[in-house]
Amino acid sequence: MKTLLSWLQEFAPFPDDPDLIGDTFTRLGTPVEEVTHLGDEWDGIVVARVEGLREHPNADKVQLVDVDAGDGPIQIVCGAFNMAVGDLVPLATVGTTMPGGMEIGRRKLRGELSNGMLCSSRELGLSDEHSGIRVLDVSSAPGTPLADALGVVRDVLWDLEVNPNRPDAMCVAGLARDAAAALDLPFTLPDPKVTPTGSAAADALTIDIADPDLCGRFGAWVLRNVSIGASPGWMQRRLLALGMRPINALVDISNYVMLELGQPNHPYDLGLVPGGGLVVRRARAGEQLETLDGVVRTFTTEDLLICDAEQHPVGIAGVMGGASCEISATTTDVLLEMAWFQPWAVSRTSRRLGLRTEASARFEKGCDPQVIPLAAARFCALAADICGATTAPGAVIAEGELPARPPVRTRTARVNALLGTDLSADQIRAELEPIGFSCAAAGDDQDVTVPSWRYDCEVEIDIVEEVARHWGYDRIERRALTKERTGRLTPTQKTRREVRRLLKSQGLAEVMPLPFLAPGDLERCGLEPVGIELRNPMVAEESILRTSLRPGLLAAAALNESRRSAGVAFFEIGHVFLPAPDGQLLPDEREHVAVLLAGREAPAAVEAWLVLADLLRVEAPAVTNESLPGLHPGRSATATVAGSAVGVVGEIDPGVLEAYGIGERVAWVELDLGALLHGPRRPESARPVSRYPSSDIDLAFDAPDVISAIDVERTLAGTDPLVWSVELFDTFRGEQLGEGRRSLAYHVRLQADDRTLTDEEVAAARTALVAAAESEHGVTLRG
């Protein structure tokens, strides 16, 4: 929002001190983004009289203009041809910096010297007109500064940041009220005088609010004998300064009143409103309207329209008017509309249509329904002065449902507790009443009535914020916290983050499928169809709560493979929902972690399980080979901790992969994260690193499928103190091994802390390892 010092001074006696006023705006929560001193941008631009016009000897699209700026004729090379000898025109002299930043110098153009530049309206920042040089309608002598010739008063323009919770700051009056209260200045609103004449407005039109929940108040006034022309220069300059383009006198008055008092309004050509009345109603599905910007827009039943008495749309409530009733040069009778619309309704329509206007920006924040009569009187008074309009007696006002605004109980102790102040009830009242809040004592507290222009203030904390703004944040003493503030991650949250970091460090990408499945998804994964069915699913086709993370991750892998992205590695940490146990009302909700490795086999799943187990320091992690639903027979196992099942590992069943259209093997791990976190854990320990070289050996065993590779690994690791590490690096099945058997190949590292191992020691350790594995598990060493 922008505002001018001269405009502010019409509401309160503000001093000519831009720094003080700018600091006040910033202190009140509307920080100054830019300050512009108007009038200074025309320094160096003077009135000049055209003395002669000559053809350019070397160009036909420019001419030579002799002008007198008070010091005798000088030559200007100009591309415009709309001036005549004797006209007064604006001349930017050599050395002038134009409003757009261009610096004027003495230059040769096609061989002829130009001693400055003649200016168009756009180059002066007065309008968008750029078809020719601006011919001045003034009587000033050549050499007179342009600002003096046009009666431009030097002014200060502030560009302010306005937050969504400050609807009152969307107009000059609201900014003036706030700043005047902070500076202890008297504030007054305009008191326009209108003399009604002719027949009553009620004789010419009717108003009907068909949807009162969306329109709280709708008023209409009739103006006759309107003469449409250009608005006066002072109004155009203010509109331009605040970022609005002058159009014609009546439209400019409409915009001026909105900027001044914050009340959007819309003038209709009364002669183009069929039926002599307006109806405010919800749109019908598919209904259309051509708006003032020339776009035909289609509406839904959630949009609010303004229609004529014959139910034809003539405007979008709170957003933009229709082209059918647009003000034109032939307009003589005007229907002026001012209303209060539900902020959320205007916002919804504006966003859906992608149509944000100055009016919608104000309605979305919440306009003042009580300012409508004043804004209408201001409009009619300006229209009478500028357009010669007469106003019909009375107004036609229809009432809808305005929001209730009960007093807000404001506790003095609560204000001080939140702000860290020691204010009394009287001090709080002294900060609130100058900005329109009325306070009634209620013991040590007070009931605060919020003014109609502060739609944003509804609860006690809103009142506290107003007290803080006007008391001054800079006056609130900074204090160290008096007690420790709790707020940290729980051990479970920390561990969950560690698991996530570990899996990402292994090259896995986290995915987050929705927990809702279609009927049949569990069976397609080979799982039991015991999912809980939702009564009110967001999507009818996804009505089952998942009992496993497997369907979502398989669907993600299938989607990637269909896009020629095979070999993906995914993980998910999410909740599953099992049927409620007996005596429990709610589902058995658990947090699982799952890993999917496309293009990998069962050993990769086991390795992922052991890496997680090592991170979590679980006690005695192991796997128990067994056939499991949805997993490959002979390549699946139950993951256990200290003998208790905590999940499954293995490969996805080929039939399941075929159902999903996945053409590669998929390793799978799914663990109950809650059981892991709350199960037995090993204490943290460290092992010194030996300074002596290691010796590595490889051992391959012929083992039955029922023998767990982890059990064999654990036996090898615990047989000899020289064993530093054991790693399963290959699993092999083949006809030579026989049905139900496989080869397990381990890499064993031997190392001592105090010496280099001899060949004899390595050989003895190897013999002991083979003997332990064969006796403990019934495996045989392969040659």
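**Exercise 1.** In this predicted model, Glu358 forms a salt bridge with Arg362. State how far apart the closest N and O atoms are, and place both residues in their helix.

*Solution.* Start with the distance: the closest N and O atoms are 2.7 Å apart. Next, the helix. Both residues sit in α9 (residues 358-365), four residues apart. They are therefore separated by about one helical turn. Last, accessibility. Glu358 has a relative accessible area of 38% and is partly exposed. Arg362, at 3%, is buried.

**Exercise 2.** Analyse the salt bridge of Asp521 with Arg524 in the same steps.

*Solution.* The closest N and O atoms are 4.0 Å apart. A salt bridge needs nitrogen and oxygen within 4 Å. Asp521 and Arg524 lie three residues apart in helix α15 (residues 521-524), so about one helical turn separates them. Asp521 has a relative accessible area of 18%; buried means under 20%, so Asp521 is buried. Arg524, at 35%, is partly exposed.

**Exercise 3.** Which parts does the salt bridge between Arg741 and Asp702 tie together?

*Solution.* Take the contact: the closest N and O atoms are 2.8 Å apart. Then locate the partners. Arg741 is in strand β37 (residues 741-750), and Asp702 is in strand β35 (residues 695-704). The pair therefore ties together parts 39 residues apart in sequence. Arg741 is partly exposed at 25% relative accessibility, whereas Asp702 is buried at 15%.

**Exercise 4.** Describe how helices α7 and α10 pack.

*Solution.* Geometry: α7 (residues 249-261) and α10 (residues 372-387) pack at about 145°, with axes 10 Å apart. The crossing is right-handed. Composition: the contact residues divide into 13 nonpolar, one polar and two charged.

Notes. Residues numbered from 1 in each chain as written. Predicted model: local features only at pLDDT ≥ 70, side-chain atom pairs only at ≥ 80, totals over all residues. Heavy atoms only, no water. Axes fitted to C-alpha atoms, helices over the stretch in contact; angles between N-to-C directions. Helix = DSSP H or I, 4+ residues; strand = E, 2+ residues; numbered from the N terminus. Left-handed = near helix turned anticlockwise from the far one by under 90°. Nonpolar A, V, L, I, M, F, W, Y, C, P; charged D, E, K, R; others polar. Salt bridge = Lys/Arg side-chain N within 4 Å of Asp/Glu carboxyl O. Buried < 20%, exposed > 50% of the residue type's maximum accessible area, 1.4 Å probe, protein only.
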